[in-house]
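Biologist: I am new to this structure and would like a close look at a single part of it. Please take me through that part slowly, explaining each term as it comes up.

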Amino acid sequence: VKLEVGLRKALGNDELYLLYQPQFDVHSTEIVGVEALVRWRHPERGVISPTEFIPLAEETGLIVPIGEWVLRTACSQARNWQRQTRRSVRMAVNLSAKQFKDENLSQIVLSALHETGLDPRFLELELTEGTLMDDAKATLATLEQLRRIGVYLSIDDFGTGYSSMNYLKRFDVRALKIDRSFICGLPQDSENAAITRAIIAMAHGLKMVVVAEGVETGEQLVLLQQYGCDLVQGYHLGHPVPGDSIAQKLVGVV
Ligand code: G
Ligand code: G
Ligand code: MN
Ligand code: NA
């Protein structure tokens, strides 16, 4: 209950902030995108992870205003990097199921883009399999609205939820993000290797891009290159960092 009271005030008190984890092209190893990851600097408890407060935000409905703030802040940051560095990277934002079901979602996305001047093709929304499974009709309508706006859609934590392959065919999703639980045992774990290769083959057959998450070693990176994975993200390549650090990486300072 106490955490909930705090979370209600967090937005107004400027206690939320975003970190950005870079995503790299597996071959050129250039930064092509980032994922925005929210953090809460609690006045007494210090930094609280989203795994702790996002579920609370979902239960209380606070996820809608928080999600709107995340979206606008992330779009604004992406636009500022373009101005500062003359380089464009795609900004990926996580959407939880409640946000996806909010009837104002497409309006919120549109205003974030308009207010910041970010081109929709540089915004990617990450959904989970669970979000897409819920209510097929409403889901299709929302996905169609988002598609018309021109943002990219990707499926996060792919392989861990309920996925029906049928959905992949029907929904216009650009990318699959292979969950890090499949990547972490590589290269030794032959079952995870088989799953990773199968997801890459399937995604490419459906003309989708594949992102491997949780790449923690150079060996894993080499293996994913061999498998033909497209993009990689993980501690081996870059931790989530403040926006200024990404700007420095984009201009080649670090
Ligand atoms: O950054 P970290 O690994 O601590 O994130 C933990 C979880 O919180 C991940 O599942 C991530 O998708 C989720 N998460 C991080 N930022 C956001 C956000 O802005 N919105 C939502 N809905 N989830 C987020
Ligand atoms: O569910 P989602 O994929 O959005 O979760 C992203 C979370 O994964 C972030 O909280 C981020 O801090 C974490 N993360 C990013 N890279 C790595 C990694 O290489 N290893 C591990 N264990 N976690 C990672
Ligand atoms: Mn994610
Ligand atoms: Na994930």
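Which residues surround ligand 1?

Modeller: Before I answer, please note that this is a predicted model, in which local features need pLDDT of at least 70 and side-chain atom pairs count only at pLDDT 80 or more, while totals for chains, interfaces and linings use all residues. Residues are numbered from 1 along each chain as its sequence is written, and chains are lettered from A and ligands numbered from 1 in the order in which they are written.

Ligand 1 is surrounded by Leu37, Val38, Ser49, Pro50, Thr51, Ile54, Val70, Asn94, Leu95, Ser96 and Pro240, where a residue is near a molecule if its C-beta atom, placed from the backbone, lies within 6 Å of it. By class, this shell holds 7 nonpolar residues, 4 polar ones and no charged ones; here Ala, Val, Leu, Ile, Met, Phe, Trp, Tyr, Cys and Pro count as nonpolar, Asp, Glu, Lys and Arg as charged, and the others, Gly among them, as polar.

At least two residues of the shell come from strand E2 (31-42), and at least two from helix H2 (50-60), these elements being DSSP runs numbered from the N terminus, with helices (H or I) of at least four residues and strands (E) of at least two. H2 gives the most, with 3 residues.

Asn94 also appears in the surroundings of ligand 2, since it is listed with Gly214, Glu216, Gly234 and Tyr235 as coming nearest among the 13 residues there. The shell around ligand 2 divides into 4 nonpolar, 4 polar and 5 charged residues.

Turning back to H2, this helix packs against helix H1 (residues 2-10) at an angle of about 85°, with the axes 11 Å apart; axes are lines fitted to C-alpha atoms, for helices over the stretch in contact, and angles run from 0 to 180 degrees between N-to-C directions. H1 and H2 are therefore roughly perpendicular to each other, a term for angles of 65 to 115 degrees. Leu3, Glu4 and Leu7 in H1 meet Phe53, Leu56, Ala57 and Thr60 in H2, with contact taken as C-beta atoms, placed from the backbone, within 7 Å. That contact has 5 nonpolar, 1 polar and 1 charged residues.

E2, for its part, is included in what covers the buried residues of helix H12, namely Gly243, Ile246, Lys249 and Leu250 in a helix that spans residues 243-250; a residue is buried if 20 or more other C-beta atoms lie within 10 Å of its own.

Technical notes. Parallel < 35°, antiparallel > 145°, perpendicular 65-115°, else oblique. Contact = placed C-beta atoms within 7 Å. Buried ≥ 20, exposed ≤ 12 C-beta atoms within 10 Å, placed from the backbone.
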